[in-house]
Amino acid sequence: MQTHFITDTDLVTFFTSLEKRGPMYMAVRDEEGTVRVKPSSEVGSYSYPGVRAFQPLKPFFFSALEEVAEYPSADKPLKEARPFTIVGAASCDLRAIEALDRVFLEGDFKDPFYEEKRSKALIIGFDCTDPLETCFCVLMGVEPYVEKGFDLGLAKVEGGYVVEVGSDKGKQVVDDNKGLFKPATENHLSQRKALRDKTRDIVEKQSREYKPATTWQDLMSKVYEDSTWARNVETCVECGACLFICPTCQCFLLYDQRAGDRFKRLKMWDSCVYKNFTRVAGGANPRERLIDRFRHRYYHKLDYFPKTYGFEGCTGCGRCIVACPGEIDMRKVLKEADKS
Amino acid sequence: MKNVYRPIDAEILEVIDETPTIKTFVVEPKEDIGFATGQFMEVTVPGLGEAPFTPSSSPNVKEKIDFTIMSVGKVTEELHRMTKGQMVGVRGPMGKGYPLDAWKGKEILIVGGGVGAAPLRSLFLALVERLDDFKKILYCYGARTPGDIVYKEQILDKWQKINPKKIEIRTTVDEGDSTWKGNVGVVTTVVKDLGIDINNSVGVVCGPPIMMKFGTFALVEQGYPDSAIHLSMEKNMSCGIGKCGHCMLGEYMVCQDGPVMTYDKVKDKPAIWD
Ligand SMILES: Cc1cc2nc3c(=O)[nH]c(=O)nc-3n(C[C@H](O)[C@H](O)[C@H](O)COP(=O)(O)OP(=O)(O)OC[C@H]3O[C@@H](n4cnc5c(N)ncnc54)[C@H](O)[C@@H]3O)c2cc1C
Ligand code: SF4
Ligand code: FES
């Protein structure tokens, strides 16, 4: 695909023009230095985020709570989503969207609510330049710079940005604003390469000690009975924070309610660490013990998901490490398993 | 775009008391909704929620569908309070049912217990409707007491008579009573002296967890290879379409990869009998 260059000021003009598509959300640093995704109307001036946002991007496609049906049947057409733009998907965010795409758009049934919103999104990714201490994307086969899954990919270089086109949708919006883009030069590309190598190096170094001896799947095949689960589950308070903040966690519950003289069905995020998640009639529960539920998350991400889709269900974004009130660090849990 | 979460309206045409805790609901869906035997559907009690059930009627009857349901909790208790003329919702069909085409020319051993009789009746009817395709059906069914036998008339006589040469029904109860003349003992006590060529046979097991476990072991003991034993895996389910994660068993989403799964696939997964 094509690679362009755009200046700092032209990028702002470009974003303004994209706002005509519909709502725009931007990942930018707040006063405390945390990158957050906000409506562009609340962003004073655009600045390069440098690293993934605090919150995952999944709510844009898979809402925490949404109405999915009303009955008795009226068979009304599904609500159309408005086109919208996300500026600031890190590489791990793009991998997470790929994971959710596989879950919600493949198989015998598609989730029409996910599909509708997904089809209306224009996603602008960026190369990371300031990884967090909790970033370990490279251990999950994800580079800290955008490779695929974006419509446009940005990389900060001197005086502007290298803009890589990743899809037809991305090409279209570039073509619509032709005057703003110039061809990227060798110099631009070598600056981008240097930054990519530098960032990769940082993440690689801080992740090295957590690298599995062989592959994650191989590790998981050996450690189901390991003592790491019992040791590390001790500070788990079953809050579900790690799952709600996880960019790939897909679990939900359908929940029915009365609405006047009709009924509606809601789809809301659920969490496999909750005790009732797997309880069946008569009270039997295959994951009765917290340790079984705690371990399930690791197995889903690193064993079951790859068995089905061919890549890890963890992106290495490190959000669960930051979110856990029990200070459980996934990297350490797995490292302990690998050591024993 | 099809809304996979929307229930189709269905009217309750008839409610049949089967046992003190089990009723069969004959419902008429207001839109087309076929199924293959062994597939399941989500049945909605309006405003209260859904639960998964396998139709107990023949897949070849399209206008109405039977669900045989045991009262065990929130949704099922409310269903048991419902009567003829009331509306429920149905969503489906979902999952993989019994691979009847792959069973052509084979002898079929069915082992069931309790409300596991529901999918097995659908299976039995589907097999009988193309009986030429199969060599033999041996159906072993166990209930706690004679009063707990779900489909009494079929099991005691009618089914056998359809074709006494090809069909054999063995019914047993854990505890007999003064009227009971049949076998007493758990269902595995009748899973022997099968008179079946195991090499040309498939086994089907469906029932409460404990029965699933010992039923499966009994088939293994009789010499059935793991890949010939078809189990109905009962897991907690919500979406039924492979998205919500509730029914995960190892890497499988039981609602899509099952509910009928062969023993070789699930044998090494965590907590398969719970
Ligand atoms: C594929 C499949 C086919 C089934 N076929 C039949 C059948 O033909 N006849 C029959 O009587 N029963 C069948 N069951 C079991 C039936 O689904 C449960 O008895 C029913 O879900 C209990 O719901 P409840 O609200 O009455 O129970 P509660 O214990 O009050 O359950 C509350 C909630 O827990 C969850 N839950 C509890 N048990 C189950 C369960 N076993 N599966 C999924 N979710 C559960 C549900 O979300 C439910 O709403 C089947 C189950 C599965 C998975
Ligand atoms: S995990 Fe990698 S891709 Fe994600 S924010 Fe950190 S450095 Fe960037
Ligand atoms: S019931 Fe939702 S994934 Fe199986």
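Ala, Val, Leu, Ile, Met, Phe, Trp, Tyr, Cys and Pro count as nonpolar, Asp, Glu, Lys and Arg as charged, and the others, Gly among them, as polar. Residues are numbered from 1 along each chain as written, chains are lettered from A and ligands numbered from 1 in the order of writing, and side-chain values use heavy atoms, without hydrogens or water. The model is predicted: local features need pLDDT of at least 70 and side-chain atom pairs pLDDT 80 or more, while totals for chains, interfaces and linings use all residues.

**Exercise 1. Describe the second largest pocket and its lining.**

Step 1. Start with the term: on a 1 Å grid over the protein atoms alone, a pocket is an open set of points where a 1.4 Å probe fits, with protein on both sides within 12 Å along at least five of seven lines, and lining residues have an atom within 4 Å of a point.

Step 2. The space in this pocket is about 950 Å³, a volume being the space filled by probe spheres set on the points, which are joined across faces, edges and corners.

Step 3. Count the lining: 38 residues, with Glu67(A), Val68(A), Leu78(A), Lys79(A) and Phe113(A) nearest the centre. Two or more residues each come from strand 4 (65-71) and helix 3 (112-119) of chain A and from strand 6 (87-94) of chain B. Helices (H or I, at least four residues) and strands (E, at least two) are DSSP runs, numbered from the N terminus.

Step 4. Sort the lining by class: 21 nonpolar, two polar and 15 charged residues.

**Exercise 2. Which residues come nearest to ligand 1, and which polar atoms of Glu234(B) and Val75(B) lie by this ligand?**

Step 1. Place the ligand: ligand 1 lies between chains A and B. Its shell has 24 residues, and Ala281(A), Pro52(B), Lys74(B), Thr76(B) and Glu234(B) come nearest; a residue belongs here if one of its heavy atoms lies within 4 Å.

Step 2. Look for polar contacts, pairs of N or O atoms within 3.5 Å. A polar side-chain atom of Glu234(B) is 2.6 Å from a nitrogen atom of ligand 1. On the oxygen side, a polar backbone atom of Val75(B) lies 2.8 Å from an oxygen atom of the ligand, and a backbone N or O atom of Gly73(B) lies 3.3 Å from one.

Step 3. Check the cover: of the 830 Å² of accessible area that ligand 1 has on its own (Shrake-Rupley method, 1.4 Å probe), the protein covers 88%.

Step 4. Trace the shell to its elements: strand 4 (49-53) of chain B is one of those supplying at least two residues, and this strand gives the most, with four.

**Exercise 3. Where in chain A is Glu327(A), and is this residue buried or exposed?**

Step 1. Glu327(A) sits in the loop between helix 10 (319-323) and helix 11 of chain A.

Step 2. Its phi is near 55°, positive in a residue other than glycine. Most residues other than glycine have a negative phi.

Step 3. Glu327(A) counts as exposed because its relative accessibility is 72%; buried means under 20%, exposed over 50%, and partly exposed in between (1.4 Å probe, protein chains only).

**Exercise 4. Which peptide bond leading to Pro72(A) is cis?**

Step 1. The bond is the one from Tyr71(A) to Pro72(A), with omega near 0°. Most peptide bonds are trans.

Step 2. Pro72(A) is in the loop between strand 4 and strand 5 (84-89) of chain A.

How values were computed. Polar contact = N/O pair within 3.5 Å; in protein donor to acceptor, adjacent residues only side chain to side chain.
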